[in-house]
Amino acid sequence: MHGRETVSVSNQAATPEVELSAVGEAMYRFITQLYPICRSLTGDGVRATLKLIQEQIPLTIREIPSGTPVFDWTVPPEWNIRDAYIKNMRGERVVDFRQCNLHVVSYSTPVRKRVSLEELKAHVFTLPEHPEWIPYRTSYYHRDWGFCLSHRQLLGLQDQEYEVCIDASLEDGHLTYGEYYLQGAQTDEVLISCHVCHPSLCNDNLSGIALVTFLATYVSFLSRRYSYRFLFIPGAIGSIAWLCLNESRLSAIKHGFVVAGVGDAGRFTYKKTRRGDAEIDRAVAHVLKHSGHDYAVMDFSPYGYDERQFCSPGFNLPMGCVMRTPHGQYPEYHTSADNLSFVHPHSLADSLAKCISTVSILENNKKYMNQNPKCEPHLGKRGLYQKIGGQTDKRIKELALLWVLNFSDGSHTLLDIADKSQLEFHAIKMAADALLKYGLLKESRE
Ligand code: ZN
């Protein structure tokens, strides 16, 4: 996706157009801005992140007190960190949180003491197979402290006493998340969610945050059929808490997806809903099939990101997951190598374009009734063959008119017709618009 390629949600003049290369650069700049912040499940890093998102979209920031029971879980204490280091006998910081926030195991209990090298090693994590990389580790529900080092740093530690300090607090506070709701013509909702709980990791969490922020901006300019809800939540506990507190409103959710890891150079991957045949599954599959790019579609599995919670059997919401290379299938995953050079503006823009195309299908996937069902109407007489565009794809446009007319019997949606005809949804939608204009079609509202 380079140059002045654009994507538009429909052929109506009033709908916005996105210039992909520019938007990819803007998404990348946003990731650069968010990258230094030390995020975790809770705490000021999440708040600072949501504040930056709030500069782009009018996000509502919500706080749930620590200790709040949410289904089988409890909202944890709030964790905040100011500084951390390992100092050698000369007082030099041999490991410094200020250099890289991955150095501290997330949710480490505060510690300040002198330890032997042996004792220190029991609290240190490294990646011997990638000696320059720092791993990302958490200890949310097991009270402990720890440091993450490059293996090269560990090998450089001499047998002496070290001063370890983690200047952190773990006390009653809140779990913070962001929510942005856009009212549509219907109360039926599309739910789009991403996680905001990882520190300086670009593909895993920041790419999703950037995509959802830019998609929300885009959707805010649309004339909407559906209402949209965008969630920026800490992984697992955030979606569990949100589902628990919003259980009475979940029946409004008709479609949705989780966004995670959408900036790497790999191909686009879609993980289906637990239902496997939801409209969102068919919409994304259609976009990918007609994209001209390599892609993968995976069945649902009960591990991964927050789709695990949204698709738990008690809810079974029609929520898929969009990503590029699946988590854990690239060596940079959960390491310091998931950095600003691991994500690419063109991958971000391409992922956004595919999500926009999916939204376009959801918005326009309606059923119609042919108003002249006894034999074909005389399209040439009405100038319809000429009215819908240039000569090069004239044949496709004619075919689209015939497919739409024949299958607009009140039981086929435009996506059904697009899939049957092997034509792109956009061509089918344009044909339906032309036929509507000439009174040959009427929307069917059963
Ligand atoms: Zn992760």
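**Entry 1: the sheet around S19**

I started at Met369 and looked for what stands across from it; the residue opposite Met369 is Asp409 in S20. I keep in mind that this is a predicted model. Met369 made me look at how the two strands are joined: strand S19 (residues 367-370) and S20 run antiparallel, with 2 bridges between them.

Next I wanted the whole sheet. How many strands form it, and in what order? There are 3 strands in an open sheet, ordered S20-S19-S21, and the pairing is antiparallel. Strand S20 (409-413) and strand S21 (441-443) are the edge strands, and each of them pairs on one side only. I also noted the twist: neighbouring strands here are turned by 35° against each other on average, ignoring direction.

Then I checked what sits on this sheet. Helix H12 packs on it and touches S19 and S20, and the direction of H12 makes about 70° with that of S20.

**Entry 2: H12 and its helix neighbour**

Since I had H12 on screen, I looked at H11 too. A reminder to myself: two packed helices are described by the angle between their axes and the distance between the axes. For helix H11 (residues 394-407) and helix H12 (residues 414-421), the axes come within 10 Å and cross at roughly 125°. H11 and H12 are therefore oblique to each other. Their crossing is right-handed.

Which residues make the contact? From H11 I wrote down Trp403, Val404 and Phe407, and from H12 Ile417, Lys420 and Ser421. Sorted by class, the contact of H11 with H12 has 4 nonpolar, 1 polar and 1 charged residues.

**Entry 3: the four-stranded sheet**

Back to strands, earlier in the chain. I found 4 strands in an open sheet, in the order S7-S6-S11-S8, with antiparallel pairing. Why is one side of S7 and of S8 left without a neighbour in the sheet? Strand S7 (93-96) and strand S8 (111-116) stand at the edges and have a single partner strand each, so one side of each stays without a neighbour. In this sheet, neighbouring strands are turned by 20° against each other on average, direction ignored.

I picked one pair in this sheet to follow. Strand S6 (residues 78-87) pairs with strand S11 (residues 161-171) in the antiparallel sense, over 9 bridges. One residue I traced by hand was Lys87, whose bridge partner in S11 is Glu163. My textbook note for this: strands of a sheet pair through backbone hydrogen bonds, either parallel or antiparallel.

**Entry 4: the zinc ion**

I clicked on the zinc ion and asked which protein atoms are its donors. They are His198 (NE2), Asp204 (OD) and His334 (NE2), and they lie 2.0 to 2.1 Å from the zinc ion. Along the chain, the donors follow the spacing H-x5-D-x129-H. I then looked up where two of them live. Asp204 is in helix H5 (residues 202-220), and His334 is in the loop between strand S18 (319-323) and helix H9 (345-364), so this pair ties together parts that are 130 residues apart in sequence.

**Entry 5: H5 against H9**

H5 and H9 had just come up, so I looked at how they pack. The angle is about 45°, and their axes are 10 Å apart. H5 and H9 are therefore oblique to each other, and their crossing is right-handed.

The contact list took a full line of my notebook. H5 gives Ser207, Leu211, Phe214, Leu215, Tyr218 and Val219, while H9 gives Leu348, Ser351, Leu352, Cys355, Ile356 and Val359. By class, the contact of H5 with H9 has 10 nonpolar, 2 polar and no charged residues.

**Entry 6: H1 against H2**

Last stop for today. Helix H1 (residues 20-34) and helix H2 (residues 44-54) pack at an angle of about 150°, with axes 10 Å apart. H1 and H2 are therefore roughly antiparallel to each other. Their crossing is right-handed.

What meets what here? Phe30, Gln33 and Leu34 in H1 meet Thr49, Leu52 and Ile53 in H2. I sorted them as before: the contact of H1 with H2 has 4 nonpolar, 2 polar and no charged residues.

Technical notes:
Residues numbered from 1 in each chain as written. Predicted model: local features only at pLDDT ≥ 70, side-chain atom pairs only at ≥ 80, totals over all residues. Heavy atoms only, no water. Pairing = 2+ DSSP bridges. Axes fitted to C-alpha atoms, helices over the stretch in contact; angles between N-to-C directions. Parallel < 35°, antiparallel > 145°, perpendicular 65-115°, else oblique. Left-handed = near helix turned anticlockwise from the far one by under 90°. Contact = heavy atoms within 4.5 Å. Nonpolar A, V, L, I, M, F, W, Y, C, P; charged D, E, K, R; others polar. Donors = N, O, S within 2.8 Å, 3.2 Å for Na, K, Ca; no water.
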